[in-house]
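Trainee: I would like to take a close look at a single part of this protein. Please keep the account connected, from one element to the next.

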Amino acid sequence: SATLTIKAEEIPPAECYTISWEALDDLYEPMDCLDLTPAHWYGGAEMYYQGWPIEKWNKSMTFYLSGDMYASLEEWGSVMERYWLNSEGVGVTVAEWVPLHVSVNSGNDGKLCFKAAYKDSPYQNVNKVRPTLEYTICQAG
């Protein structure tokens, strides 16, 4: 289980919402997904097979850190950002401190998903905190 906090903010010409899922126990890994339809999505990371827009990808949930995409076609490349944009004027950014995992259209589910997790990942949890997923989504008119 988790605590959900939503903070609204108007940054003309956009309306923004910061969504935060804070785990209440050590086992819960907060996750949230956005529908990729009906818009076209761009951003995220470089991949070996770089199809655009990204709703054409089929990337299963994995930690969001750069890797050697030439050695393993499943790894993210070295060019990566924690923001995504779509053709409907929506932008999403994930906080830099989140132990981020991402999937894009995994199993052709039509979703862009974010998860916060330390377990079974390279993210170090030196402060022994529970994972929190925090991202901001903005819509410009």
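How many disulfides does the structure hold?

Mentor: The model is predicted, and it holds 2 disulfides. In general terms, a disulfide is a covalent bond between the sulfur atoms of two cysteines. With the bonded cysteines numbered in sequence order, the pairing reads 1-4, 2-3.

One disulfide links Cys-16 with Cys-138, at an S to S distance of 2.0 Å. Cys-16 belongs to strand S2 (residues 14-23) and Cys-138 to strand S10, so this pair ties together parts that lie 122 residues apart in sequence. The torsion about its S-S bond is about 110°, and the disulfide is therefore right-handed. Cys-16 is buried, with a relative accessible area of 4%, whereas Cys-138 is partly exposed, with a relative accessible area of 21%; the cut-off for buried is under 20%.

The other disulfide is formed by Cys-33 and Cys-113, whose sulfur atoms are 2.0 Å apart. Because Cys-33 lies in strand S3 (residues 31-35) and Cys-113 in strand S9, the pair ties together parts 80 residues apart in sequence. Its S-S torsion is about 110°, so the disulfide of Cys-33 and Cys-113 is right-handed. Here Cys-33 is partly exposed, at 27% relative accessible area, while Cys-113 is buried, at 3% relative accessibility.

Strands S9 (111-116) and S10 (132-140) lead on to the largest nonpolar core, as each supplies at least two of its residues. That core has 28 residues, among which Trp-41, Trp-84 and Phe-114 touch the most other members.

Note on methods
Residues numbered from 1 in each chain as written. Predicted model: local features only at pLDDT ≥ 70, side-chain atom pairs only at ≥ 80, totals over all residues. Heavy atoms only, no water. Core = buried A, V, L, I, M, F, W, Y, C linked by side-chain atoms within 4.5 Å. Buried < 20%, exposed > 50% of the residue type's maximum accessible area, 1.4 Å probe, protein only. Helix = DSSP H or I, 4+ residues; strand = E, 2+ residues; numbered from the N terminus. Disulfide = S-S within 2.5 Å.
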